[in-house]
4 protein chains.
Amino acid sequence: MGMGLELNTMIVTKGKEARKEDNLFELLKDGYRLYPMHIPIEVRKTKHSDPSGYGSIEKMEWTDEKTKIMYRLISLNSTN
Amino acid sequence: MGMGLELNTMIVTKGKEARKEDNLFELLKDGYRLYPMHIPIEVRKTKHSDPSGYGSIEKMEWTDEKTKIMYRLISLNSTN
Amino acid sequence: MGMGLELNTMIVTKGKEARKEDNLFELLKDGYRLYPMHIPIEVRKTKHSDPSGYGSIEKMEWTDEKTKIMYRLISLNSTN
Amino acid sequence: MGMGLELNTMIVTKGKEARKEDNLFELLKDGYRLYPMHIPIEVRKTKHSDPSGYGSIEKMEWTDEKTKIMYRLISLNSTN
């Protein structure tokens with residue numbers, strides 16, 4: 001038997017991230033997604049937008065066919 | 001860059017499981033471990049003991065280099 | 001961006017395995033599937049049939065949306 | 001039981017890549033490593049060097065505690 005999952009190499013927020021404190025954000029995604037933990041990966045608003053910065057995932061939770069991540073924004077691209 | 005993890009095909013409790021309700025148990029393991037969700041897998045007390053039953057994982061959480069799972073015991077081997 | 005894959009905990013042959021030598025078999029499956037390597041897992045003809053034995057995967061290859069595994073049959077259930 | 005693996009988000013060549021044709025390279029790494037397939041990921045000479053370009057993995061093979069990947073170099077950073 002098998003279990004479907006998605007290997008993710010960046011954080012795509014779709015503007016749905018919630019700030020928990022300072023630079024720490026929570027994001028809920030559909031399905032079970034596997035992200036690398038504690039490694040700087042790009043944060044983007046949409047799959048094809050420019051990276052808004054880099055984040056490092058500190059917590060990942062799978063339940064009810066959803067993935068909740070907590071990530072720290074470690075650098076921010078200035079856009080001007 | 002890379003992130004180490006362990007692919008697990010059974011639940012090895014070492015007697016450290018905590019009953020949360022009826023057939024629902026919580027277990028904390030060292031390191032980041034990937035378990036299949038919602039699939040019956042063997043539950044054993046130690047790696048080499050006989051299976052004590054089958055469990056199905058309903059929740060998995062990674063944080064601080066630890067993996068917490070919540071699993072439902074779906075069948076129990078009688079041993080007598 | 002993401003990549004879909006399936007976490008597999010047993011080998012389901014559908015009778016499509018090809019014997020390469022003695023106890024070594026090759027099997028081609030659709031999609032990218034992640035199997036545990038070098039760990040005894042059940043070998044079944046169909047998802048819901050009784051296990052025909054245990055196999056240990058020695059090689060896994062992903063290409064063109066297919067997964068090819070080479071597994072050694074390490075035990076065989078007698079059925080009579 | 002479990003199987004250790006490493007989740008990789010970039011290709012680190014250490015100068016050991018072998019050109020197979022045009023833009024197609026083969027690289028052998030120690031251990032079992034999971035890379036995203038068919039997704040542009042950074043190619044670097046060392047973990048901390050600047051990316052030399054982007055590659056997309058077309059084939060991944062696990063055997064004998066080694067991972068062999070075939071990747072296509074899809075963009076090259078000019079360095080002058």
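Leu7 of chain A stands opposite Met3 of chain C, in β1(C). I start with that pair of residues and work outwards. One caution before I do: this is a predicted model.

The two strands behind that pair are β1(A), residues 2-8, and β1(C). They pair in the antiparallel sense, over seven bridges.

Now the contact that these chains make. Chain C puts in twelve residues, and chain A puts in twelve residues as well. On the side of chain C that touches chain A, strand β1 of chain C, residues 2-8, gives the most, with seven residues. By character, that side of chain C divides into five nonpolar, four polar and three charged residues.

Next, how are the two copies related? In general, two copies of a chain are related by a rotation about an axis and a shift along it. Here, a turn of 180° with a shift of 0.0 Å along the axis lays chain C on chain A, and the RMSD is 0.0 Å. That is the relation of a two-fold axis. The contact follows suit: 100% of the contact residues of chain C recur in chain A, so the same surface serves both copies.

Which residue of chain C comes closest to the rotation axis? That is Leu5(C), with its C-alpha at 2.8 Å.

Back to the strands, and to the sheet they belong to. The order is β5(A)-β1(A)-β1(C)-β5(C), an open sheet of four strands with mixed pairing. At the edges are β5 of chain A and β5 of chain C, 33-34 in each case, and each of them pairs on one side only.

Where does the parallel part of this sheet come in? One place is within chain A: β1(A) and β5(A) run parallel and are joined by two bridges. Glu6(A) is the residue that stands opposite Arg33(A) in β5(A).

That leaves chains B and D. They have an open sheet of four strands too, ordered β5(B)-β1(B)-β1(D)-β5(D), again with mixed pairing. Its edge strands are β5 of chain B and β5 of chain D, both 33-34, each pairing on one side only. In chain D, strand β1, residues 2-8, runs parallel to β5(D), and two bridges join them. The bridge partner of Glu6(D) in β5(D) is Arg33(D).

To recap the part about A and C: the antiparallel pairing of β1(A) with β1(C) has seven bridges, and chain C is laid on chain A by a turn of 180°. I will stop there.

Notes. Residues are numbered from 1 along each chain as its sequence is written. Chains are lettered from A and ligands numbered from 1 in the order in which they are written. This is a predicted model: local features need pLDDT of at least 70, side-chain atom pairs count only at pLDDT 80 or more; totals for chains, interfaces and linings use all residues. Two residues are in contact if their C-beta atoms, placed from the backbone, lie within 7 Å. Ala, Val, Leu, Ile, Met, Phe, Trp, Tyr, Cys and Pro count as nonpolar, Asp, Glu, Lys and Arg as charged, and the others, Gly among them, as polar. Two strands pair if DSSP finds at least two bridges between them. Copies are superposed by least squares on the C-alpha atoms of residues with pLDDT of at least 70 in both.
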